[in-house]
Amino acid sequence: HKPLYRRKAGEPRRNLGLAYFNHRGDADDAWRSIAAAFQLDPTDARVLFEFDQLARRLNHDPGERLHRLDAHPECVRQRDDLSLERVTLLNQLGRYDEALDSLLSRNFHPWEGGEGKVAAQYVLSLTELAKSVIQSQRCDEAIVYLERASCWPESLGEGKLAGTQENNIHYWFGQAYRERGQEALADEWFARAATGRAEPSSPQFYNDQPPDMIYYQGLALRALGREAEAIARFERLVDYGRSHLGDVPAIDFFAVSLPDFLVFEADLAAKHEAHCRYMLALGLVGLGRLEEAEQEFARILALDRNHLGAIVHRRQAEAEMGAVR
């Protein structure tokens, strides 16, 4: 009789790696065990995914992670989560066209811990492409990118939730129309970008209010000439970040859907610190305190070099600093 279950070659090493990390806190032996597990069976897509997740958890270089995934394209193609991780790395490295092409070449399906993540990379790719062409005065192209960002294709595997915040998209629509000299349309989009929930919060659930949306509300209010309201938004981010830095974070036991599916135990304190410093950084950028913001971005990326929000908005702040100088 054939056995009902055939153990994979790397399974013991894989299990050992999880035990080392999650129960002993031994990152070095965990890394060696997971690496050995994948070496024993380089066709095991699950182990490659966990190998990459451990690399991410240990704050390894994004370029090295992408190189490892690209060395095993068949493995990557087997899994939605692994394919998405590759897209995310491309976005981290500023390769937005490649990220978008890769994302749209696949039909994704819902999975636990993946809620909102495919759409987030889709929107990020398109908004960053739109920003780049606005800078080149190619506003018609920017508007097409932003229209696509607003309309999610079925291949993403999920639709928009009611109340999805799109302040960033609306703000860049406003900028594109302003660059085209269509002030009335620009003001309409800035007015839309200026609305929505404006209270910062800790991200316990995947659809919680991102601090970026409050930041774009502030930028939109500034674009409308409502400077006092804009400053109030930015100060709210700074105040929340500073006042909550010392909080002790904990996972909500009754959470329906957490922001991440955790293979390896998360460093909740580091995640919380990065989140608070991200609010600080965005608020400081809005207030024009760019050197202080740069310090906060550097601290965030020392904690988590994969923090996409910090990567994207640090680039934006650096461009502003260059313009000021």
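## Helix α10

In α10, the buried residues (buried means under 20% relative accessible area, exposed over 50%, partly exposed in between, with a 1.4 Å probe and protein chains only) are Asn 167, Asn 168, Ile 169, His 170, Tyr 171, Trp 172, Phe 173, Gly 174, Gln 175, Ala 176 and Tyr 177. That makes 11 of its 13 residues, so α10 is largely enclosed by the rest of the structure. Helices here are DSSP runs of H or I, at least four residues long, numbered from the N terminus.

A word on the model: it is predicted, so local features need pLDDT of at least 70 and side-chain atom pairs count only at pLDDT 80 or more, while totals for chains, interfaces and linings use all residues. Numbering starts from 1 along each chain as its sequence is written, and side-chain values use heavy atoms, with hydrogens and water left out.

Geometry-wise, α10 covers residues 167–179 and runs 18 Å from first C-alpha to last, close to the expected 18 Å (1.5 Å times one less than the number of residues). Just after α10, Gly 181 takes a positive phi of about 85 degrees.

## Just past α10

Ala 184 sits in helix α11, residues 183–193, and is exposed at 56% relative accessible area. Its C-alpha is 9.5 Å from that of Gly 174, 10 residues away along the chain.

## The nonpolar core

The largest nonpolar core has 88 residues, and Leu 103, Tyr 122, Tyr 171, Tyr 215 and Phe 297 touch the most other members. Helix α8 (residues 117–135) gives the most to this core, with 10 residues. A core here is a set of buried Ala, Val, Leu, Ile, Met, Phe, Trp, Tyr and Cys residues joined through side-chain atoms within 4.5 Å.

Tyr 171, from α10, touches Phe 190, Ala 193, Tyr 216, Leu 219 and Ala 220, leaving aside residues up to four places away in sequence. Contact means heavy atoms within 4.5 Å.

## Helix α15

Phe 297 belongs to the buried set of α15, along with Leu 290, Ala 293, Glu 296, Ile 300 and Leu 301. Looking down the axis, these buried residues fall within an arc of 130 degrees, so they line one face of the helix (the arc uses directions from the helix axis to the C-beta atoms). The face turned away from that buried side carries exposed Glu 291 and Ala 302.

With 14 residues (290–303), α15 reaches 20 Å between its end C-alphas, close to the 20 Å expected.

## Cysteines

There are 0 disulfides in the structure, counting pairs of cysteine sulfur atoms within 2.5 Å. Cys 139 is buried at 4% relative accessible area, while Cys 151 is exposed at 53%.

Conventions: Helices (H or I, at least four residues) and strands (E, at least two) are DSSP runs, numbered from the N terminus.
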